[in-house]
Amino acid sequence: MRFTFVTLFRNIVEGYFSDSILKRAIQNNHISIDFVSPRDFSTNKHKKTDDTAFGGGAGMLMTPQPLYDALDAIKKASPQAHIVFLTPVAKPFVQNDAKRLAKKEHIVFVSGRYEGIDERIVELFADEVFSIGDYILTGGELASMVLCDAISRNVEGVLGNSDSLTEESFNESLLEAPSFTKPQNFHSLTPPKEFLKGNHSKIRSLKFALSITKTKYFRPEQLRKHNSMEKLS
Ligand code: ADE
């Protein structure tokens with residue numbers, strides 16, 4: 001699967017892929033990443049990519065021309081490219097989106113900088129628009145890395161053990177049960193007894209109960225979603 005980052009700041013993004021699981025995913029050809037800078041497409045003699053907003057307001061916006069030409073070139077070379085914009089003014093990105101997008105061939109992340117992007121570019125090119133949460137970042141790069149990471153781990157072969165994907169948070173809307181490793185006794189705290197014995201059906205039902213408790217405490221709306229899905233099934 002291919003990811004293209006349209007950004008003025010590729011250095012911010014590149015480092016994330018130089019270690020650990022995503023580095024290995026690139027080496028093993030499960031994913032590939034590349035970069036396009038809108039600045040390279042600017043027809044302005046100073047290669048400018050920002051300007052003041054019509055109607056006033058603080059800060060600068062990314063001008064449409066460099067982004068238009070960059071995205072037009074990407075679309076011409078890769079017509080199936082799925083173009084995703086990152087902005088706080090959008091629906092929240094969730095795990096089901098990560099799973100769904102992992103089936104695409106080529107995803108293009110467009111990261112806004114300054115105070116955002118001229119809205120006409122979003123209208124002309126966006127297949128989808130996502131926010132990663134109700135707070136404002138200094139730019140969309142971090143958000144596009146979050147999406148890329150969450151999508152990549154759902155791409156076949158990226159995680160060595162595909163079981164890691166079946167027992168994790170947000171499957172059936174529930175948060176994952178807590179887990180424990182050695183030593184058995186740590187600062188006088190021990191894992192639940194059932195975890196230490198080998199009775200798998202007991203472990204499974206305890207994990208389910210703990211998962212319900214965690215979800216009820218931290219994310220009651222997710223538990224309501226889980227319960228309503230159960231009723232339908
Ligand atoms: N750009 C700035 N803030 C953002 C957010 N919360 N989500 C996605 N993109 C952003």
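The shell around the ligand holds eight nonpolar residues, four polar residues and no charged ones. Here Ala, Val, Leu, Ile, Met, Phe, Trp, Tyr, Cys and Pro count as nonpolar, Asp, Glu, Lys and Arg as charged, and the others, Gly among them, as polar. This is a predicted model: local features need pLDDT of at least 70, side-chain atom pairs count only at pLDDT 80 or more, and totals for chains, interfaces and linings use all residues. Residues are numbered from 1 along each chain as its sequence is written, and side-chain values use heavy atoms, with hydrogens and water left out.

**Ligand site**

- Leu86, Thr87, Pro88, Phe130, Ser131, Ile132, Gly133, Tyr135, Ile136, Leu137, Gly139 and Ala143 surround the ligand, each with a heavy atom within 4 Å of it.
- Ligand nitrogen atoms make polar contacts, meaning pairs of N or O atoms within 3.5 Å.
- One such distance is 3.2 Å, to a polar backbone atom of threonine 87.
- For isoleucine 132, the distance from a ligand nitrogen to a polar backbone atom is 3.0 Å.
- For glycine 133, it is 3.1 Å, again to a polar backbone atom.
- The protein covers 96% of the 260 Å² of accessible area that the ligand has on its own, by the Shrake-Rupley method with a 1.4 Å probe.

**Elements around the ligand**

- β5 (82–92) and β7 (128–131) are the elements that give two or more residues to the shell; strands are DSSP runs of E, at least two residues, and helices are runs of H or I, at least four, numbered from the N terminus.
- β5 gives the most, with three residues.

**Domains**

- The protein chain divides into domain 1 (2–152) and domain 2 (169–232), with bounds from an automatic or database domain assignment.
- The centres of the two domains, taken over C-alpha atoms, are 36 Å apart.

**Backbone exceptions**

- Most residues other than glycine have a negative phi, and most peptide bonds are trans.
- Asparagine 29 has a positive phi, near 60°.
- Asparagine 29 lies in the loop between α2 (20–27) and β2 (32–36).
- Lysine 182 and proline 183 are joined by a cis peptide bond, with omega about 5°.
- Proline 183 is in the loop between α7 (163–166) and α8 (193–196).

Conventions: Polar contact = N/O pair within 3.5 Å; in protein donor to acceptor, adjacent residues only side chain to side chain.
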